[in-house]
Amino acid sequence: MNRLQNSSEIRNTWTREEAEALYNLPFNDLLFKAHCVHREHFDPNEVQQSQLLSIKTGGCPEDCSYCSQSARNNADLPASKLLEVQTVLAEAKKARDGGATRYCMGAAWRSPKDRDMRAIEMMVEGVKELGMESCMTLGMLTPEQILRLKDAGLDYYNHNIDTSERYYSEVISTRKFSDRLETLNLVKESGIKVCSGGIVGMGEENMDRLDMLVSLATLEQHPDSVPINMLIPIEGTPLQDAKPVEPIEFVRLIAVARIMMPKSHVRLSAGRTEMSIETQAMCFFAGANSVFKGETLLTADNPEESKDAHLFKRLGIRPMALKSCTKEAETC
Ligand code: SF4
């Protein structure tokens, strides 16, 4: 039993072989081990809730095969301009009043233009004034842009690595895996917290999913948040016919993520609408402790709030308070 429990070392030397060995444990052993790690660092009955708003939708020059917002795909999503600051802040206030503690704002850009940076800064400042954590996802950033975001008070920057380095070019051709790592490194250096994860169900093999986790777990510092998305195939995108991931495989992946990155918030992101409540419950047991709330993500559906409230009630899960710390840092 101790062999299974003793696993909560924080390290960034993980290998694919170790990830595979974890993934291939008998299901109950894997879940037990992941749950022990989870309990060591977090209250197992608390889930952090973020809310996401698309502040600039569609017309993106990148060619991510899964995305309805790429101008190169045929997903029939009209491009919009950057939303007005006041519109974004009014939505953020609604999200805060509904219980979200972090407001995530996403723009469909390869990278922001300097002319948009003042509005972005004002959005970050406004969200902070509402007493929420702020998160932005804007694509690749220059060191100067990162500095401006840091000075505006940005808490988190989301920049997903999407998949393994090996499979990356099958999904995206307009940028490289190494570009993502470079931005992540600059963000980390600035002191802004990193949110980075990926998507499963894009036709990749299991080793790609594990390699993705190994890439995240071998960053100099583990990301603070690790969103694991289950692809929602969108008509008009190259991945419209992608096969879904088996729920048990997905739960195993969540458990491996929890064990390899013990102090990170592992987030169930896109794809929750397609998951049964039993699958979600197993994910929470395996160490997932963050979700997006609200009825839409950037452009995809998310479970209705009443369904989430019902699910949380049935599972005895409480929303994580804003200042909730990991157990090891309870004095902060
Ligand atoms: S995922 Fe982001 S970068 Fe890729 S096409 Fe969509 S909006 Fe653009």
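Which residue stands opposite Gly106 in strand 2? Keep that in mind as you open the viewer; this is a predicted model, and the tour begins in its strands.

**Stop 1: strands 1 and 2**

Select Ser54 and Gly106 together. Ser54 is the residue that stands opposite Gly106 of strand 2. Now widen the selection to both strands: strand 1 and strand 2 run in the parallel sense, paired over six bridges. To get from one to the other, the chain goes from strand 1 through helix 4 to strand 2, and this β-α-β crossover is right-handed. Try following that path with your cursor.

**Stop 2: the two faces of strand 2**

Stay with strand 2, and colour its residues by side. In a regular strand, side chains alternate between the two faces of the sheet. Here, Arg102, Cys104 and Gly106 sit on one side, with Tyr103, Met105 and Ala107 on the other, and both faces are covered. Is strand 2 mostly covered or mostly open? Mostly covered: six of its six residues are buried.

**Stop 3: on to strand 3**

Next, add strand 3 to the view. Strand 2 pairs with strand 3 in the parallel sense over five bridges. For one of these pairings, pick Tyr103, whose bridge partner in strand 3 is Ser134. Then show helix 5 (residues 117-129), which makes a right-handed β-α-β unit together with strand 2 and strand 3.

**Stop 4: a gathering of annotated residues**

Select Cys104, Cys135, Cys195 and Arg267. The unreviewed UniProt entry marks these with the feature "binding site". Why can they be said to gather at one spot? They span 164 residues in sequence, yet no two of their C-alpha atoms are more than 14.1 Å apart, so they come together in one place.

Zoom in on Cys104, which is in strand 2 (residues 102-107). Cys104 counts as buried because 28 other C-beta atoms lie within 10 Å. Leaving out residues up to four places away in sequence, Cys104 touches Ser50, Gln51, Leu52, Cys135, Thr137 and Asn158.

Cys135 is on that list, so click it next. You'll find Cys135 in strand 3 (residues 133-137). Cys135 is buried too, with 24 C-beta neighbours inside 10 Å. Its contacts beyond four places in sequence include Cys104 and Cys195, as well as Asp155, Tyr156 and Asn158.

**Stop 5: around the ligand**

Now show the ligand and the shell of residues around it: Cys60, Glu62, Cys64, Cys67, Gln69, Ser70, Ala108 and Gly139. How many of the shell residues are nonpolar, polar and charged? The split is four nonpolar, three polar and one charged.

Three of the cysteines deserve a selection of their own. According to the unreviewed UniProt entry, the annotation "binding site" covers Cys60, Cys64 and Cys67.

Pick Cys64, in the loop between strand 1 (46-56) and helix 4 (85-97). Is Cys64 buried or exposed? Buried, because there are 24 C-beta neighbours inside 10 Å. Apart from neighbours within four places in sequence, Cys64 is in contact with Ser70, Val171 and Ile172.

Then move to Cys67, also found in the loop between strand 1 and helix 4. Cys67 is buried, with 25 other C-beta atoms within 10 Å. Beyond its neighbours within four places in sequence, Cys67 is in contact with Asn73 and Thr237.

**Stop 6: a loop after strand 7**

For the last stop, find Leu231, in the loop between strand 7 (225-230) and helix 10 (247-260). Leu231 counts as buried because 23 C-beta neighbours fall inside 10 Å. Setting aside neighbours within four places in sequence, its contacts include Tyr66, Ile199, Met202, Leu239 and Gly271. Draw a distance from Leu231 to Met202: their C-alpha atoms are 6.6 Å apart, although their places lie 29 residues apart along the chain by numbering.

Finish on Ile232, in the loop between strand 7 and helix 10. Ile232 is buried, with 22 other C-beta atoms within 10 Å. One more distance to draw goes from Ile232 to Ala242, ten residues apart along the chain, with 8.8 Å separating their C-alpha atoms.

Terms used:
Residues numbered from 1 in each chain as written. Predicted model: local features only at pLDDT ≥ 70, side-chain atom pairs only at ≥ 80, totals over all residues. Near = placed C-beta within 6 Å. Nonpolar A, V, L, I, M, F, W, Y, C, P; charged D, E, K, R; others polar. Helix = DSSP H or I, 4+ residues; strand = E, 2+ residues; numbered from the N terminus. Buried ≥ 20, exposed ≤ 12 C-beta atoms within 10 Å, placed from the backbone. Contact = placed C-beta atoms within 7 Å. UniProt positions renumbered as here; feature names shortened; annotations may be inferred. Pairing = 2+ DSSP bridges. Right-handed = clockwise from strand over helix to strand, strands pointing away.
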